[in-house]
Amino acid sequence: MNHPTKYLNKPMNNEKEKNVADVLDISSIFQLVREKKGLYLKVLPVVFTLSCIWIFPQPRFYTCELVLAPEGGENPINGIASVASSFGVDFGTSPADAIYPSLYPDLFESPEFIVGLFNINIKTYDGNIKCNYYSYLNKHQKKNPITQPLKSLKSHIVNIFKEKKQASKKDNTFNPFNLTEQEFNTAEEIKSNVKCSVDKKTDVISISVKDQDRLVCALLADSIRERLQKFIIEYRTSKARQDVIYYKHLTDSAKKAYEKAVHKFAAYSDGHRNIVMQTYKEESQRLQNEININLNTYNTLAAQLALARAKVQEKTPSFTTLKSATVPQRPSGPKRLAFVLGFLLLASIIVTIYIVKDLIIGKEQK
């Protein structure tokens, strides 16, 4: 048997739907917006003025991008595993290197790498500034005249409650293990200006550098490329280079031992001329055998040294520059027009919501 309340609720639902339709009447909304268009004429000019005051004094910046393709050193199994990983399948294979391309962006977060950029020599596009990158960031950056007084006041107030600052350095040496506050802030600024990304499927490395000067932007991007390549080469050839040093030491020692044995044999032969005693012959034969042993050792180690040096060349990766660093011709930001239009749109939406809110509240009260 059907419950009687089932039929009693239906008129109530129809009434509720009717009320919602009345509240969301589009024609009423447009009519109310036309009636209160004066509110837009008051708010939008103010928003336009404030957004222009905020965005136009902001210093413009340029962006330089370069793309590298490192030499691949993976075997076919690892190649198949990388393709399978894009479909969520893990074969459990581990890379041959402890530092592989997908970890290169983490390298840009290390203090050693970032602090290493402090002493890069740069010059501006107009040629008026020539210094290292650390001095450029701390002494030659353009500031927003609107916000700079507030930032200076805030910094002054904060410094009042801080401990005495460390003395400024007279040289250009930086210790990544113990950075001063200014050095730390500069390193954080560099991290925000320098970005690195790696395509997991192709291992293509993309480096992006942002700066207020177009030439500094390109110079820094190219310097970072060189340092990244140097780091990768040093890492991948570290074992082979250690082998070269090891075999070089052994070869030099074997050469000295051989030369010493030759000199000893020659001195013994010169001091025992025209002697036919059996003891002389035995000693001479022993010295000759010592020479032969040292010579064989020297030749063997010299061959190992040559192989180790060839291994260094074999392990040295090559890089293909798919997109080189070039001086950008147009600034990449800030997008002033988009910023102003965005705030005008946001203000219009807020005003419209405010007007509709009054309409909804008024009809609900009725």
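At 29% relative accessibility, D222 counts as partly exposed, and this aspartate is a handy way into the structure, which is a predicted model. The side chain of D222 meets that of R225 in a salt bridge, with 2.9 Å from N to O. The pair also shows up as a polar contact between the two side chains, again at 2.9 Å. Both residues sit in helix α10, three residues apart, or about one turn of the helix. R225, for its part, counts as buried, because its relative accessibility is 16% and the cut-off for buried is under 20%.

R225 has a second partner, too. Its side chain meets that of E226 in a salt bridge of 3.7 Å, N to O. E226 is partly exposed, with a relative accessible area of 43%. Put together, D222, R225 and E226 are linked in a network of salt bridges. In general terms, side chains of opposite charge can pair when their charged atoms come close.

What else does R225 touch, once residues up to four places away in sequence are set aside? The list is L66, L68 and I207. Further along the chain, T321 is 96 residues from R225, yet the C-alpha atoms of R225 and T321 are separated by 9.7 Å.

I207 leads on to the nonpolar interior. The largest nonpolar core has 37 residues, and the ones that touch the most other members are F108, Y136, I190, I205, I207, V209 and I224. Two or more residues come from each of β1 (62-70), α5 (104-107), α6 (111-115), α7 (133-139), α9 (181-193), β4 (194-198), β5 (205-211) and α10 (214-236). Which element gives the most to this core? That is α10, with eight residues. Helix α10 thus turns up twice in this account, because R225 of the salt-bridge network is placed in it as well, and R225 is buried at 16% relative accessible area.

F108 gives a closer look at the packing within this core. Leaving aside neighbours within four places in sequence, F108 is in contact with F113, I114, K191, V194, C196, I207, I224 and L228. Apart from the largest core lies another one, made of seven residues, and among them are I29, L32, Y40 and V356. As a general matter, nonpolar side chains tend to be buried together in soluble globular proteins.

Helix α11 has a story of its own. Within α11 (residues 238-271), D252 and K248 are four residues apart, which means they are separated by about one helical turn. Their side chains meet in a salt bridge of 2.9 Å, N to O. Buried or partly exposed, where does each of them fall? D252 is partly exposed at 32% relative accessibility, and K248 is partly exposed too, with a relative accessible area of 34%. A search of the whole structure finds nine salt bridges, including the one between D252 and K248.

T251 is found in helix α11 as well, but this threonine counts as buried, at 5% relative accessibility. A polar atom of the T251 side chain lies 3.3 Å from the backbone oxygen of L301. Beyond its neighbours within four places in sequence, T251 is in contact with Y298, L301, A302 and L305. L301 therefore appears both in the contact list of T251 and as the residue whose backbone oxygen faces that 3.3 Å distance, a cut-off of 3.5 Å being what a polar contact needs.

Not every nonpolar residue is tucked away. V46, L50, I53 and I146 make a nonpolar surface patch of about 350 Å². Of these, V46 has its place in helix α3 (residues 37-55). V46 counts as partly exposed, because its relative accessibility is 47%.

Stepping back to the protein as a whole, there are 13 helices and six strands. Buried residues make up 30% of the 366 residues. The accessible surface comes to about 25,100 Å², and carbon and sulfur atoms account for 58% of that. As for how the chain meets itself, take the contacts with a separation of 6 or more: 78% of them are between residues 24 or more positions apart.

Key
Residues numbered from 1 in each chain as written. Predicted model: local features only at pLDDT ≥ 70, side-chain atom pairs only at ≥ 80, totals over all residues. Heavy atoms only, no water. Patch = residues over 30% accessible without salt bridge, like charges linked within 9 Å, V, L, I, M, F, W, Y side chains within 5 Å. Areas by Shrake-Rupley, 256 points an atom, 1.4 Å probe, with all protein chains shown as cover. Salt bridge = Lys/Arg side-chain N within 4 Å of Asp/Glu carboxyl O. Buried < 20%, exposed > 50% of the residue type's maximum accessible area, 1.4 Å probe, protein only. Core = buried A, V, L, I, M, F, W, Y, C linked by side-chain atoms within 4.5 Å. Contact = heavy atoms within 4.5 Å. Polar contact = N/O pair within 3.5 Å; in protein donor to acceptor, adjacent residues only side chain to side chain.
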